[in-house]
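These are my notebook entries on a protein model, written down in the order in which I looked things up. I begin with the overall layout and then turn to particular side chains.

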Amino acid sequence: MDLYNFREDYAKDGIHRSDLSSCPFEQFKSWFEAATEGDVHEPNAMTLATVGPDKLPLQRTVLLKSFDERGFVFFTNLNSRKASHLEKNPQACALFPWITQERQVIIRGKTELIAREESEAYFSTRPRESQLSAWVSHQSQPVKNREVLENALTEVREGFEGREVPLPDFWGGVRIIPSSIEFWQGRSGRLHDRFLYEAQAGADEAHAWKITRLSP
């Protein structure tokens, strides 16, 4: 298939160095709010890349559930393939592809498990069916057919009937602690704007991040 003519010129305004916050988390918050208020479907969806024991990268989409100056948090089965990758190599990369905003954000850094209390607080807000599904799924493991999952869900639903569904021991939150965050803004003629924030070890708060304009 010839895709040579699949192209679109980016017509929204670019960004200037003077537009940026000195704090990447504040800059992300500003862009996230714009994506939420705009026409971006599921603005908290991010592509998460990990590297497995075979040294090959693997990507999947997960949902950002909180962020602050400690980092960016998503939740998962802690026996899943992504969790297994991160246990052996805690480095990860996340991409927010806000295409309709002509923007993307790339976050790279080390990961850590969040406190169980934080995971419990989030788990308690999930719809009951989602809570039950967390108990059913042996994420990333082979399953014979859909019926196996449906039968397991029925058993779990009956087992927790009339009481709250507790947080499974094998389920929790992962925080990406960024070492760098890149903000990309599309520009006409492909002369895009890219700004890279890099964490500066030992710097005071006012100089905690180095900001560099990158060539498109």
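**Entry 1, layout.** In what order do the elements of the protein run from the N terminus on? I read them off as α-β-β-β-β-α-β-β-α-α-α-β-β-β, which fits the tally of five helices and nine strands. I note at the outset that this is a predicted model. Taken along the principal axes, the C-alpha atoms fill a box of roughly 55 × 50 × 40 Å. Of the 216 residues, 38% are buried, and the accessible surface comes to about 13,300 Å², with 50% of that belonging to carbon and sulfur atoms. I also looked up the contacts between residues at least 6 apart in sequence, and found that 65% of them join residues at least 24 apart.

**Entry 2, cysteines.** How many disulfides does the structure hold? I found zero. For cysteine 23, the closest cysteine sulfur is that of cysteine 93, 19 Å away and too far for a bond, given that a disulfide needs sulfur atoms within 2.5 Å. I recorded cysteine 23 as buried at 15% relative accessibility, and cysteine 93 as partly exposed at 25%.

**Entry 3, aromatic rings.** I counted 19 aromatic pairs. One of them joins phenylalanine 25 and tryptophan 209 edge-to-face, with 5.9 Å from centre to centre and 80° between the planes. This pair links distant parts of the chain, since phenylalanine 25 is in helix H1 and tryptophan 209 is in strand S9 (residues 209-214), 184 residues apart. Both phenylalanine 25 and tryptophan 209 are buried. Phenylalanine 75 and tyrosine 122, on the other hand, form a stacked pair, at 4.2 Å centre to centre and 20° between the planes. Phenylalanine 75 lies in strand S4 (residues 71-77) and tyrosine 122 in helix H3 (residues 116-123), so this pair ties together parts that are 47 residues apart in sequence. I find phenylalanine 75 buried at 15% relative accessibility, and tyrosine 122 buried at 18%. I also noted one aromatic cluster, whose members include Phe25, Phe67, Trp98 and Trp209.

**Entry 4, salt bridges.** How many salt bridges does a search of the whole structure find? It gave me eleven. In one of these, the side chains of glutamate 112 and arginine 175 meet at 3.0 Å, N to O. Glutamate 112 is in strand S6 (residues 103-113) and arginine 175 in strand S7 (residues 171-185), 63 residues apart. Is each partner buried or partly exposed? I recorded glutamate 112 as partly exposed, at 35%, whereas arginine 175 is buried, at 4%. Both belong to a network of salt bridges that links Asp68, Arg70, Glu112, Glu118 and Arg175.

Arginine 146 and glutamate 150 form a salt bridge, also with 3.0 Å between the closest N and O atoms, and both lie in helix H5 (residues 146-159), four residues or about one turn apart. Here I have arginine 146 as exposed at 59% and glutamate 150 as partly exposed at 37%. For arginine 187 and aspartate 193 I noted 2.7 Å between the closest N and O atoms, with arginine 187 partly exposed at 26% and aspartate 193 buried at 3%.

**Entry 5, surface.** My last look was at a nonpolar patch on the surface, formed by Met1, Leu3 and Phe6, which together have about 460 Å² of accessible area. Phenylalanine 6 is found in the segment before helix H1 (24-37) and is exposed, with a relative accessible area of 67%.

Note on methods
Residues are numbered from 1 along each chain as its sequence is written. This is a predicted model: local features need pLDDT of at least 70, side-chain atom pairs count only at pLDDT 80 or more; totals for chains, interfaces and linings use all residues. Side-chain values use heavy atoms; hydrogens and water are left out. Patches are made of residues with over 30% relative accessible area and no salt bridge: like charges are joined within 9 Å, nonpolar side chains (Val, Leu, Ile, Met, Phe, Trp, Tyr) within 5 Å. Accessible areas come from the Shrake-Rupley method with a 1.4 Å probe; for residues, only the protein chains shown count as cover. Helices (H or I, at least four residues) and strands (E, at least two) are DSSP runs, numbered from the N terminus. Buried means under 20% relative accessible area, exposed over 50%, partly exposed in between (1.4 Å probe, protein chains only). Contact means heavy atoms within 4.5 Å. Rings of Phe, Tyr and Trp (its six-membered ring) pair if their centres lie within 6.5 Å; planes under 30 degrees apart count as stacked, over 60 as edge-to-face and the rest as tilted.
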